[in-house]
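Here is a short report on one structure. Keep the coordinates open while reading.

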Amino acid sequence: MIKLEDRVSVVILCLITFMGTFYALMMVNANFASAFLESLGRPTPNEDTLFWMGWWGYIYLGLGIGNIMALLAPASDSRVFLRAMTMVAMISFIRVLGNNLAIGELDISPTLIAQFLVLIGYSVVLTRTNSRIGKHFGWL
Amino acid sequence: MFKTDDKLIQICLAVSYAILALYAIINYFNPEYIISQYSSLESNDTNRFFLGWYGMMNFGAVAGLIYMGYKGLDRAYFTYAIPLAALFVVWTYMGQASLPEDQQNFTAMGLFVINLVALIIARVRGLGGLDFTKAENMWGTSDKLCQTIFTIGLIGQAFFVVQYIVAPGSFIEQTPGLEASDVAQRFVMGLMFFSLAWTIALLYQLRTGYSMSLIVTSLVISTMFMCTMLNFYASGSVQDGGNTFLSVNIIGNFLGSLIVFFRLQSQH
């Protein structure tokens, strides 16, 4: 049933999917989302904030389903997805890092570590499945 | 789709999918909507907890249907889904019939009846009569670890049914944060119906062999339960240490489903 040939990539994608599902369910549930923000030292979110957090939660769920699709297909069929997800993970990581640095000090929070691990994870999958950016562009 | 050209089967299963997905999404992501539609439901954490539970079970059933969409009809899935659909028709009727006439709302019951009829039509047209052909090995696999996990799963589900019959209020008593009420008790009866359907489906698989569509169903349900449970702990919503037995069950279900899925998936 799982068509992705590389076992390490399968394990990494499963872990990322689980982590993504955890965050997705946290963001779509108002109680969990409020507790999450409070744990980061942020004020209690209003309805608008909860709405946008929920929106992100649904995007996370969608990406999790995308990961499962990537598990069920050969790597050659998922290259564009894996490249795109690596870029998304990199931008997310830079954003979290930037937010941290903007405060004035680097706080090694669970969110930062999670984003970093996701970026490393997708990069490893990308490399191990020979889906490196540029590899299949004729002009490079 | 469903490895059949019979349009009626495809339509019936699409209808079942739509109803299950509708209740999965509303129950899990927007329980307040359901609460607002039923005057007997108060907006409290207990009702939201149970509605979320039902939503996750529906997500699993939807995943099983999607799996069958790709791989073809599976007898064991219907052995789970048809009894469950029938039990929930009874459950919703009992719940609404006990209310004063002006508070009754039979919308869910109507949709559950449609779901039941759709599943029966798809099952009869697609797979014919009942079949209990014995598999070569117990659970249809020679993998001892998987056999053990399936057996533990069967015992666990049967245990919940027996526990409900012996002490219907014990689940609420053992779960800190849940408030005992008639509505909560009715929700627990629904949980027992889920376990009863799983017990029937597992007994069927014990004889005829495991079903990958039910393993996928179980994996989706147990992953959602695990993530939700971790969120409950992370948000500090768990009171007095929570229900240890429930936590152990959720972790056990998750690990068991994962192991069984990864050990058996290569054959499908």
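The report covers the pocket, the cores, selected helices and a few backbone angles.

## Status of the model

This is a predicted model. Every value below is computed from its atoms.

## The largest pocket

The largest pocket holds about 1600 Å³ of space. Its lining counts 41 residues. Nearest the centre lie Gly64(A), Ile65(A), Ile68(A), Ala63(B) and Val220(B). By class, the lining has 34 nonpolar, 5 polar and 2 charged residues.

Which helix gives the most to the lining of the largest pocket? Helix 3 of chain A does, with 9 residues. Both chains take part. From chain A, helix 1 (7-28) and helix 3 (47-71) each supply at least two lining residues. From chain B, helix 1, helix 3 (45-71), helix 9 and helix 10 (244-264) each do so too.

## Nonpolar cores

The largest nonpolar core has 90 residues. The members that touch the most others are Leu13(B), Phe50(B), Trp53(B), Phe78(B), Tyr80(B) and Phe171(B). Helix 8 (residues 182-208) of chain B gives the most to this core, with 13 residues. Another core lies apart from it and has 37 residues. Its members include Met1(A), Ala75(A), Leu119(A) and Met212(B).

What does Phe50(B) touch beyond four places in sequence? The list is Phe171(B), Ile172(B), Leu178(B), Ala184(B), Phe187(B), Val188(B) and Leu191(B). Phe171(B), one of these contacts, is also among the residues of the largest core that touch the most other members.

## Helix 9 of chain B

Helix 9 of chain B runs over residues 212-234. At 1.5 Å a residue, its 23 residues should span 33 Å. The end C-alpha atoms are 32 Å apart, so the span agrees with the expected value. The helix is mostly covered, with 18 of its 23 residues buried. Gly236(B) follows helix 9 and has a positive phi, near 75 degrees.

Two residues show the surroundings of this helix. Ile221(B) sits in helix 9. Ile221(B) counts as buried because its relative accessible area, 8%, is under 20%. Beyond its neighbours within four places in sequence, Ile221(B) is in contact with Met56(B), Met57(B), Gly60(B) and Trp198(B). Its C-alpha lies 9.4 Å from that of Ser257(B), a residue 36 places away along the chain. Thr223(B) is also found in helix 9. Thr223(B) is buried as well, at 17% relative accessibility. Setting aside residues up to four places away, Thr223(B) touches Phe18(A) in one chain and Phe254(B) in the other.

## Helix 5 of chain B

Helix 5 of chain B covers residues 107-127. Its 21 residues reach 30 Å from first C-alpha to last, close to the 30 Å expected at 1.5 Å a residue. Gly128(B) follows this helix, with a positive phi near 70 degrees.

Which residues of helix 5 are buried? They are Ala108(B), Met109(B), Phe112(B), Asn115(B), Leu116(B), Ala118(B), Leu119(B), Ala122(B), Arg123(B) and Leu127(B). An α-helix has 3.6 residues a turn, so residues three or four places apart point the same way. The buried residues of helix 5 pack against helix 1 and helix 4 (75-97) of chain B.

## Start of chain B

Most residues other than glycine have a negative phi. Phe2(B) has a positive one, near 60 degrees. Lys3(B) also has a positive phi, near 50 degrees. Phe2(B) is placed in the segment before helix 1 (7-29) of chain B, and so is Lys3(B).

Are these residues buried or exposed? Phe2(B) is buried, with a relative accessible area of 6%. Lys3(B) counts as exposed because its relative accessibility, 65%, is over 50%.

## A partly exposed site

Val162(B) has its place in helix 6 (residues 144-166) of chain B. Val162(B) is partly exposed, with a relative accessible area of 46%. The C-alpha atoms of Val162(B) and Ile250(B) are separated by 19 Å, and the two residues are 88 apart along the chain.

How values were computed. Residues numbered from 1 in each chain as written. Chains lettered and ligands numbered in written order. Predicted model: local features only at pLDDT ≥ 70, side-chain atom pairs only at ≥ 80, totals over all residues. Heavy atoms only, no water. Helix = DSSP H or I, 4+ residues; strand = E, 2+ residues; numbered from the N terminus. Expected span 1.5 Å × (residues − 1). Buried < 20%, exposed > 50% of the residue type's maximum accessible area, 1.4 Å probe, protein only. 1 Å grid on protein atoms, 1.4 Å probe; cavity = no way out; pocket = protein on both sides within 12 Å on 5 of 7 lines; lining within 4 Å. Points joined across faces, edges and corners; volume = space filled by probe spheres on them. Nonpolar A, V, L, I, M, F, W, Y, C, P; charged D, E, K, R; others polar. Core = buried A, V, L, I, M, F, W, Y, C linked by side-chain atoms within 4.5 Å. Contact = heavy atoms within 4.5 Å.
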